[in-house]
Amino acid sequence: MTTRETCAQIPARLLAWYDEHARALPWRSAPGEPPADPYRVWLSEIMLQQTTVAAVKPYFDAFTTRWPTVEALAAAPQEDVMAAWAGLGYYSRARNLVKAAGVVAERGGFPDTEEGLRALPGVGAYTAAAIAAIAFGRRAVVVDANVERVVARLFAIDTPLPGARAAIREGADLITPDERSGDFAQAMMDLGSRICTPRAPNCDACPLAGDCAAREHDPERLPVKAAKKTKPVRQGRAYWIEREGAVWLVRRAPQGMLGGMRALPDDGWSAAGDGSGDPPVDGAWEEAGVVRHTFTHFVIELTVLRLESAQESGLAQGEWWPVERIDEAGLPTLFAKAARLAIAARERLL
DNA sequence: AATACGTGGCA
DNA sequence: TTGCCAAGTAT
């Protein structure tokens with residue numbers, strides 16, 4: 001049972017467990033070894049925001065192969081980076097990634113303090129602490145969703161989130177060691193993702209079970225979270241306008257939903273309401289199917305309409321893109337699904 | 001403080 | 001199938 005007095009043994013127990021059980025990850029140095037390249041740590045931390053390790057791995061490999069250094073990334077065209085990010089979600093991360101790379105390249109390297117890191121676009125409290133600890137060996141209190149869960153259980157904090165944030169941070173501060181703070185942070189995250197899981201935690205395998213205030217009192221119920229709101233369902237349309245083996249693609253506005261990404265033209269649907277239903281040009285539109293796609297705060301039912309042998313796109317802005325290279329267009333997942341439907345409908349006619 | 005912002009995996 | 005959840009940040 002953890003109290004302020006019994007916190008002292010937790011770091012050593014957790015680090016000993018980490019020495020044996022650390023996951024090998026492409027952006028991580030081995031336990032006890034010198035820190036990994038700050039560029040790789042930063043890039044991985046941005047990619048990992050609200051995103052699973054499994055989803056990140058192929059993107060991390062692709063980015064580091066194509067842009068091995070922050071200077072290389074800073075020199076890349078914004079649209080190339082956006083296209084490479086397509087499918088990973090939360091596209092403001094990609095926009096901020098390019099901005100931050102420019103700042104870092106300009107100043108000649110990454111800041112090595114939490115405060116300096118926090119000033120980079122896309123780097124918040126969590127990411128600044130994580131990079132300071134993992135890449136620069138500084139003591140920093142690193143609190144992500146894993147740490148929130150582990151700490152809420154260790155100290156049996158049953159105040160609902162997000163109100164419990166301050167208490168959880170205080171608990172995390174109490175158990176964060178001065179040495180190996182980066183390994184400690186990664187150990188907490190490994191523990192949270194593999195042992196102290198949201199459902200059915202494996203307490204029998206937990207190195208901190210003897211320290212855990214929730215061990216005998218249903219740890220699974222912690223942390224307590226506020227109820228989710230139901231998502232509205234919106235109706236919208238996307239338009240597949242084809243001419244001589246090419247499809248008309250547009251680029252979305254730089255801010256907001258899927259901001260800055262290449263896309264199919266649509267009828268103006270959004271989280272706030274349905275689309276107008278009006279196509280960009282008159283013609284013999286045929287329905288290719290409906291994509292149902294869940295965003296964070298709403299569901300879109302997107303009807304995909306296609307027009308063969310278009311004379312004009314009917315749109316001032318955009319470009320003809322070869323259909324056989326549609327996978328290279330960098331469409332976010334919603335529009336990649338819509339494109340698959342349109343191509344399937346097209347092939348049924350051939 | 002509350003909301004906007006993606007996606008895929010899992011039970 | 002539906003809902004929950006993930007190494008959060010910006011406003």
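How far does a polar side-chain atom of Thr-127 lie from a phosphate oxygen of DNA strand C? In this predicted model, the distance is 2.7 Å.

**Contacts with phosphate**

Two further residues pair with phosphate oxygens of the strand through backbone atoms: Gly-122 through a backbone N or O atom, and Ala-125 through a polar backbone atom. The table sets out the distances.

| Residue | Atom on the protein side | Distance to a phosphate oxygen of DNA strand C |
|---|---|---|
| Gly-122 | backbone N or O | 2.6 Å |
| Thr-127 | polar side-chain atom | 2.7 Å |
| Ala-125 | polar backbone atom | 3.5 Å |

**The surface around the strand**

There are 25 residues around DNA strand C, and those that come nearest are Gly-122, Thr-127, Asp-144, Asn-146 and Arg-149. Of the strand atoms that come within 4 Å of the protein, 65% belong to sugar and phosphate. By class, the nearby surface is made up of 11 nonpolar, seven polar and seven charged residues. At least two residues of this surface come from each of helix 2 (38-48), helix 8 (125-136), helix 9 and helix 11 (181-194).

**Arg-149**

Arg-149 belongs to helix 9, which covers residues 145-154. Is Arg-149 buried or exposed? Arg-149 is buried, and it has no salt bridge. Asp-144 offers the nearest side chain of opposite charge, at 7.3 Å. Because a salt bridge requires a separation within 4 Å, Asp-144 at 7.3 Å does not form one with Arg-149. Asp-144 and Arg-149 are nevertheless both among the residues that come nearest to DNA strand C.

Beyond its neighbours within four places in sequence, Arg-149 is in contact with Gly-192, Ser-193, Cys-196, Thr-197, Pro-198, Leu-222 and Pro-223.

Key. Residues numbered from 1 in each chain as written. Chains lettered and ligands numbered in written order. Predicted model: local features only at pLDDT ≥ 70, side-chain atom pairs only at ≥ 80, totals over all residues. Heavy atoms only, no water. Helix = DSSP H or I, 4+ residues; strand = E, 2+ residues; numbered from the N terminus. Buried < 20%, exposed > 50% of the residue type's maximum accessible area, 1.4 Å probe, protein only. Lys, Arg positive; Asp, Glu negative; His and termini not counted. Contact = heavy atoms within 4.5 Å. Near = heavy atom within 4 Å. Polar contact = N/O pair within 3.5 Å; in protein donor to acceptor, adjacent residues only side chain to side chain. Nonpolar A, V, L, I, M, F, W, Y, C, P; charged D, E, K, R; others polar.
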